[in-house]
Structures are given as C-alpha cells and as structure tokens.
Amino acid sequence: MDTVAVSNEWLEGLTRAPHGQLEGLTMDGLKIVESSKGFIRCHFTVPDRITVNGNWHVGAMATMIDDVGAAAIFSLVGHVKASLDFTISFLSTAKSEEKMELEAKVVGEKERLASVVIEVRRRSNGELIALGKQWMAAHNKL
C-alpha cells in the first residue's frame, strides 16, 4: 500500500465534502503542494465563510490542523489513528483571503504511538500563526 497516496487521497477527499459537514466547510480550498512519508505541506486561502470579525475562526483552524496532522501520521505508518493529546498555540490571527501554509511533520513514533507537529504560517512573510502538537495512537490497521 502506498501510504502517501492513500493519505493524500483522504485529505483531498475532505476538501470536497459537502459544506454541511465540518470538514467540507473548513477545508474547502486546501491544496497539497508537497508530501512524503511523515510530511505534508499545504497551501490555503482563508475564505470569508470561516472567519469571525474578519479573522480565521480558531475552531476552523483547529479542524484543519487536526486533519493535516492525521494525514501526515497515516502517510508514515499506514494506520488509522485516534488523538490522545492535541494542543494548539494560537500566536497571531489570519484575515479573510490571506494565503497560508500548513506544514505537518511526524517527529516521533514508538509502537502504537506517533507524534506530529503542525505549523501554520502566513505565506507572505513566514510569520507563525499557530503551532499544533498532536499525539495519536493506532486503534486499527487497514
């Protein structure tokens, strides 16, 4: 099984989900620009529909961070994972129509556990907007 291709296909499928579903609303427009085992880089333009007072809604950002991180882990280990610990540091805001970059890197794997760090940066100047850290555990093999 090509875990990178399966991971990319899953993540791209979320971007096409109906807007009535959480992922469809928050992930529409996400583009994978680079991927390999344990690594995914995506570009995203913040749509107005997921902003509050012109700022990217933190819940929408958290959904995207969670899904991109999960895809990076799957691309390496080929397992369906469940989140055990998920933290996000929100360091700045992003405005409607701003171009963002998300980069997820698996930083550790041991037995049934894997850890990923997800950075959300402003593409115009590289400013770090949010930093996600996630531990996931395998609960099933495909």
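Read from the N terminus onwards, the secondary structure of the protein chain runs α-α-β-β-β-β-α-β-β-β-β. This order comprises three helices and eight strands. The model is a predicted one, and the description below should be read in that light.

Turning to overall dimensions, the C-alpha trace spans about 45 × 30 × 25 Å along its principal axes. The radius of gyration of the protein chain is 14 Å, which agrees with the value near 14 Å that a compact globule of 142 residues would have. Among contacts with a sequence separation of 6 or more, 65% join residues 24 or more positions apart.

As for the surface, 44% of the 142 residues count as buried. The accessible surface amounts to about 7100 Å², and carbon and sulfur atoms contribute 51% of this area. Charged side chains number 16 positive and 18 negative, with the centres of the two sets 3 Å apart.

It is worth pausing at one residue, W56, which sits in strand β4, a strand covering residues 55-56. W56 has a relative accessible area of 4%, and because this is under 20% the residue is classed as buried. Leaving aside residues up to four places away in sequence, W56 touches F44, V46, I50, T51, M61, M64, A94, M100 and V120. By way of a further reference point, E103 is 47 residues from W56 in sequence, and the C-alpha atoms of W56 and E103 are 17 Å apart in space.

Conventions:
Residues numbered from 1 in each chain as written. Predicted model: local features only at pLDDT ≥ 70, side-chain atom pairs only at ≥ 80, totals over all residues. Heavy atoms only, no water. Helix = DSSP H or I, 4+ residues; strand = E, 2+ residues; numbered from the N terminus. Rg over C-alpha atoms; globule rule 2.2 N^0.38 Å. Buried < 20%, exposed > 50% of the residue type's maximum accessible area, 1.4 Å probe, protein only. Contact = heavy atoms within 4.5 Å. Areas by Shrake-Rupley, 256 points an atom, 1.4 Å probe, with all protein chains shown as cover. Lys, Arg positive; Asp, Glu negative; His and termini not counted. Charge placed at Lys NZ, Arg CZ, Asp CG, Glu CD.
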